Every structure is written in structure tokens, then in C-alpha cells.
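User: I should like to learn how to read the features of a protein structure. Could you guide me through one example?

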Amino acid sequence: MKKLILCFFALGSLAFGITDFPALKWGMDPKTVEIFYPHLKKEISIYPGTEEYSQNDSDSQISKKVFYFQNDKLVKIDLFYDKTEVTSKDVKNIFNNLRSKFGNTSKKEPIYEDLGSVKLTGNKLIFPPTPDALVAFKGVDTNQKGKLIDSNLILEYTPR
């Protein structure tokens, strides 16, 4: 039965899937996403009204995928790159591959989130929208008491 459901969703979403996630659609609930990503674990969210589910991915330069849900509907996907595997040359290659795929970035937005004792800073480079998603290349630094404690490269997918 699970295979039949999986086949139905896979065939039904071929033309309407999310860029780089062809089996998924915006608005899916966590249980449906879990059919395609069976090792999802619920995370604590720092964003009110948002549930986060993640899956570790040690087979590539991506360390984990995080799926964000509001009102049980998929609203965002983040791919976190493994900082122990990705070099500055890799970052440049990842960006150039994205530019080849999506075109030149259309917008640059600074990132600044004050979470009390922790502050997130960085930049978000947004590529031209695809028919189904906005894709952003993000560099995010986490600072605590003025000290850098973490740095992440993230690809962010949001609905158009």
C-alpha cells in the first residue's frame, strides 16, 4: 500500500514538483513528506508557529535537509552544507553551478536576526524565480556576545 501511495505521489508530482525536489509540492503535510524522506526527525523550532523536521544526509556535501511547516503545510526547505567537507573552492563551485542552472542572482538581502543572546548575520543571494520556487544561496554566521560561534552555507527553497 505504501508503494502504491508513493507511486501515486511521484507520478502526480512530476510536472508540478518543487525545483530540486520533484516528488514534493508546497503545502504537503509532514506525514506525506515523510513518505519520500522516511528518516525525518522533529526539531525544536526557533520560529513561532513553525514546525521543523530534519534528515541527516551524510552521503554528500549536504549535512542535513530541514523541512519547515506552518499549519501542517510545507512552506520552506533548507539544505545545510557540511562545513567540515566544503572548502571555499567548493562554495565558489556550488554558487557557479547554481548560476548556470538558474541564471545570475536577481537580489541580495542582508540577514540579521536578533534572537536575544544569539544573533544571526550574513547575506542571502536570490536567484530568478523558477515556476514553483525561489532559491537563495545563504551564508549565515551565528554570533553570541560578539563572538562567532558557527557559520553555515545554506540553500533555501521557498514557494514563489
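Analyst: Let us begin with a term that will be needed throughout: a residue counts as buried if its relative accessible area is under 20%, and as exposed if that area is over 50%. Please keep in mind that this is a predicted model.

User: How does that rule apply to Glu156: is this residue buried or exposed?

Analyst: Glu156 has a relative accessibility of 5%, which is under the limit of 20%, so Glu156 counts as buried. This residue is found in strand 8.

User: Which side chains make polar contacts with the side chain of Glu156?

Analyst: The side chain of Lys124 is joined to that of Glu156 by a polar contact of 2.8 Å. Another such contact, of 3.0 Å, is made with the side chain of Lys138. The side chain of Lys76 is joined to Glu156 by a polar contact of 3.5 Å. If neighbours within four places in sequence are left aside, the residues in contact with Glu156 also include Ile77, Asp78, Leu134, Val135 and Ala136.

User: Where does Lys76 lie, and is this residue buried or exposed?

Analyst: Lys76 lies in strand 4. Its relative accessible area is 16%, so Lys76 is buried. Lys76 also lies over the face of Tyr68, at 4.5 Å from the ring centre. Leaving aside neighbours within four places in sequence, its contacts include Trp26, Val66, Phe67, Tyr157 and Thr158. A further case of a charge over a ring is Lys64, whose charged end sits over the ring of Phe80, 5.5 Å from the centre of that ring.

User: Strands have now been mentioned several times. In what order do the strands of the sheet follow one another?

Analyst: A general idea comes first: the side chains of a regular strand alternate between the two faces of the sheet. In this structure, an open sheet of eight strands has the order 1-2-3-4-8-7-6-5, and the pairing is antiparallel. Its edge strands are strand 1 (41–43) and strand 5 (107–114), each of which pairs on one side only. On average, neighbouring strands of this sheet are turned by 25° against each other, direction ignored.

User: How many bridges join strand 1 to strand 2, and how many join strand 2 to strand 3?

Analyst: Strand 1 and strand 2 (residues 51–56) pair over three bridges in the antiparallel sense. Within strand 2, Tyr53 is the bridge partner of Lys42. Strand 2 and strand 3 pair over six bridges, again in the antiparallel sense, with Val66 in strand 3 as the bridge partner of Ser54. A hairpin of five residues joins strand 2 to strand 3.

User: What can be read from the pairing of strand 3 and strand 4?

Analyst: These two strands run antiparallel and are joined by eight bridges. Tyr68 stands opposite Lys76 in strand 4. Their hairpin has two residues between the strands, and Asn71 in this hairpin takes a positive phi near 50°.

User: Which strands does helix 3 lie across?

Analyst: Helix 3 (residues 88–102) lies across strand 4 (73–81), strand 6 (118–126), strand 7 (133–144) and strand 8 (147–159). The helix runs at about 155° to strand 7.

User: How are aromatic pairs to be read, and how many are there?

Analyst: A pair of aromatic rings is described by the distance of the centres and the angle of the planes. Here the count comes to seven aromatic pairs. In one of them, the rings of Tyr37 and Phe67 have centres 4.9 Å apart and planes at 45°, so this pair is tilted. Tyr37 lies in the loop between helix 2 (30–36) and strand 1, while Phe67 lies in strand 3 (residues 62–70), so the pair ties together parts that are 30 residues apart in sequence. Tyr37 counts as buried because its relative accessibility is 14%, and Phe67 counts as buried at 0%. Ring pairs link Phe21, Tyr37, Phe67 and Tyr157 into a cluster.

User: Finally, is Gly146 buried or exposed, and where does this residue lie?

Analyst: Gly146 is exposed, because its relative accessible area is 76%. The residue lies in the loop between strand 7 and strand 8. Between the C-alpha atoms of Gly146 and Ser117 the distance is 9.4 Å, while the two residues are 29 residues apart in sequence.

Technical notes: Residues numbered from 1 in each chain as written. Predicted model: local features only at pLDDT ≥ 70, side-chain atom pairs only at ≥ 80, totals over all residues. Heavy atoms only, no water. Pairing = 2+ DSSP bridges. Helix = DSSP H or I, 4+ residues; strand = E, 2+ residues; numbered from the N terminus. Axes fitted to C-alpha atoms, helices over the stretch in contact; angles between N-to-C directions. Contact = heavy atoms within 4.5 Å. Phe/Tyr/Trp six-rings, centres within 6.5 Å; stacked < 30°, edge-to-face > 60°. Buried < 20%, exposed > 50% of the residue type's maximum accessible area, 1.4 Å probe, protein only. Lys NZ or Arg CZ within 6 Å of the ring centre and 35° of its normal. Polar contact = N/O pair within 3.5 Å; in protein donor to acceptor, adjacent residues only side chain to side chain.
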